[in-house]
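Please look over the model below with its metal site and its ligand in mind. A short report on both follows, with notes on backbone geometry and burial.

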Amino acid sequence: MSRVGEKWNELADIKEELAERDWFMGTSGNLAIKVSSHPLQFLVTASGKDKRKRTDEDFLLVDEYGHPAGETHLKPSAETLLHSEIYRRTKAECSLHVHTIDNNVISEIYGDQAAVTFKGQELIKAFDKWEEDAVLEIPIIPNHAHIPTLAKCFSSHVHEDSGAVLIRNHGITVWGRTSFEAKKILEASEFLFRYQLRLLAYKPDQLIKVV
Ligand SMILES: CSCCC(=O)C(=O)COP(=O)(O)O
Ligand SMILES: [Zn+2]
């Protein structure tokens with residue numbers, strides 16, 4: 001099988017798993033996987049599709065600027081530029097973006113502080129933070145409608161080969177050195193968001209302590 005075919009199947013399997021979690025409501029979300037570094041090319045989801053369906057028009061190959069790498073009638077995801085920033089700046093191989101109720105509510109609660117912080121949580125080890133007093137900070141950026149502006153703001157938080165950024169009242173974008181790592185970070189983030197919301201429901205005073 002060709003390299004593109006292999007990466008296509010890898011991303012399609014992840015898409016199916018995330019769909020099983022119902023993380024693509026209303027056609028939201030987009031996914032990407034790197035195919036080559038020189039030249040930089042990656043597969044990205046086609047825009048506006050129902051990402052719960054598995055079809056042979058789910059992805060298209062794009063270049064480092066997010067432009068289709070060949071002739072196609074498919075349109076790359078409207079948020080392809082964010083994925084481009086990740087592959088241009090890091091050695092990440094996979095990037096995932098989903099909208100969930102939990103990540104949206106967390107981004108609104110902590111949006112004015114521009115970050116949500118987690119401490120004393122076992123699952124921050126999924127972010128490679130193993131020290132007992134480790135702190136995980138997930139940045140929150142404004143949801144600029146102009147995608148180049150959003151991508152520029154997003155890129156200021158893209159330094160490591162793995163990471164996560166929340167876009168306020170929009171969703172989360174995560175990336176990792178492998179698709180396994182990207183998915184692990186996404187699942188861990190959503191666990192932490194749900195935990196925090198559940199905690200706030202029982203102990204509203206925790207809002208002040210956590211930040
Ligand atoms: C209907 S969701 C609004 C667009 C969006 O935020 C998203 O994640 C999906 O856009 P795409 O172009 O990737 O389908
Ligand atoms: Zn989105």
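The report starts with the annotated domain, moves to the zinc site and ligand 1, and ends with the backbone.

## Model and domain

This is a predicted model. An unreviewed UniProt entry places the feature "domain: Class II aldolase/adducin N-terminal" at residues 9–197. In the model, that span is 32% helix and 25% strand. Its end C-alpha atoms lie 35 Å apart.

## The zinc site

Which residues coordinate the zinc ion (ligand 2)? Glu79 does so through OE, and His97, His99 and His170 each do so through NE2. The coordination distances run from 2.1 to 2.6 Å. In sequence, the donor residues follow the spacing E-x17-H-x1-H-x70-H. His99 and His170 link distant parts of the chain, 71 residues apart. His99 sits in the loop between strand S4 (94–98) and helix H3 (101–110). His170 sits in the loop between strand S7 (163–167) and strand S8 (171–176).

What geometry does the site have? The site of the zinc ion (ligand 2) is octahedral, with six donor atoms. The angles among these donor atoms span 73 to 176°. For comparison, six ideal octahedral donors give angles of 90 or 180 degrees.

Is His170 buried or exposed? His170 has a relative accessible area of 9%, so His170 is buried, the cut-off being under 20%. His99 has 26% relative accessibility and therefore counts as partly exposed.

## Ligand 1

How many residues surround ligand 1? There are 14, and the closest are Ser47, Gly48, Lys51, Ser77 and Glu79. Glu79 is also a donor residue of the zinc ion (ligand 2).

Two zinc-coordinating histidines, His99 and His170, also have polar contacts with ligand 1. A polar side-chain atom of His99 lies 3.1 Å from an oxygen atom of ligand 1. For His170, an N or O atom in the side chain is 3.0 Å from an oxygen atom of ligand 1. Ala78 uses its backbone instead: a polar atom there is 2.8 Å from an oxygen atom of ligand 1. Taken alone, ligand 1 exposes 400 Å². The protein buries 75% of that area.

## Backbone geometry

Most residues other than glycine have a negative phi, and most peptide bonds are trans. The model has exceptions to both patterns. The peptide bond that joins His38 and Pro39 is cis, with omega about 0°. Pro39 lies in the loop between S1 and strand S2 (40–45).

Asp22 has a positive phi, near 65°. Its place is the loop between helix H1 (3–20) and S1. Asp22 counts as partly exposed because its relative accessibility is 34%.

Ala114 has a positive phi of about 65°, although it is not a glycine. Ala114 lies in the loop between H3 and strand S5 (115–119). At 39% relative accessibility, Ala114 also counts as partly exposed.

## Buried positions in helices and strands

The table lists four buried residues, each with its element and a partner elsewhere in the chain.

| Residue | Element | Relative accessible area | Partner | Sequence separation | C-alpha distance |
|---|---|---|---|---|---|
| Lys7 | helix H1 | 10% | Leu43 | 36 residues | 7.8 Å |
| Val35 | strand S1 (30–37) | 8% | Asn9 | 26 residues | 12 Å |
| Val116 | strand S5 | 0% | Glu131 | 15 residues | 19 Å |
| Ser179 | helix H5 (179–202) | 11% | Arg52 | 127 residues | 18 Å |

Why does Val116 count as buried? Its relative accessibility is 0%, and buried means under 20%, so Val116 qualifies. Lys7 has a relative accessible area of 10%, so Lys7 is buried as well.

The sequence separations in the table can be read against the distances in space. Ser179 and Arg52 are 127 residues apart along the chain, with their C-alpha atoms separated by 18 Å. Val116 and Glu131 are 15 residues apart in sequence and 19 Å apart in space. Lys7 and Leu43 are 36 residues apart along the chain, and their C-alpha atoms are separated by 7.8 Å.

Definitions and conventions:
Residues numbered from 1 in each chain as written. Chains lettered and ligands numbered in written order. Predicted model: local features only at pLDDT ≥ 70, side-chain atom pairs only at ≥ 80, totals over all residues. Heavy atoms only, no water. UniProt positions renumbered as here; feature names shortened; annotations may be inferred. Helix = DSSP H or I, 4+ residues; strand = E, 2+ residues; numbered from the N terminus. Donors = N, O, S within 2.8 Å, 3.2 Å for Na, K, Ca; no water. Tetrahedral: all angles 85-135°; square planar, octahedral: opposite > 155°, others 65-115°. Buried < 20%, exposed > 50% of the residue type's maximum accessible area, 1.4 Å probe, protein only. Near = heavy atom within 4 Å. Polar contact = N/O pair within 3.5 Å; in protein donor to acceptor, adjacent residues only side chain to side chain. Areas by Shrake-Rupley, 256 points an atom, 1.4 Å probe, with all protein chains shown as cover.
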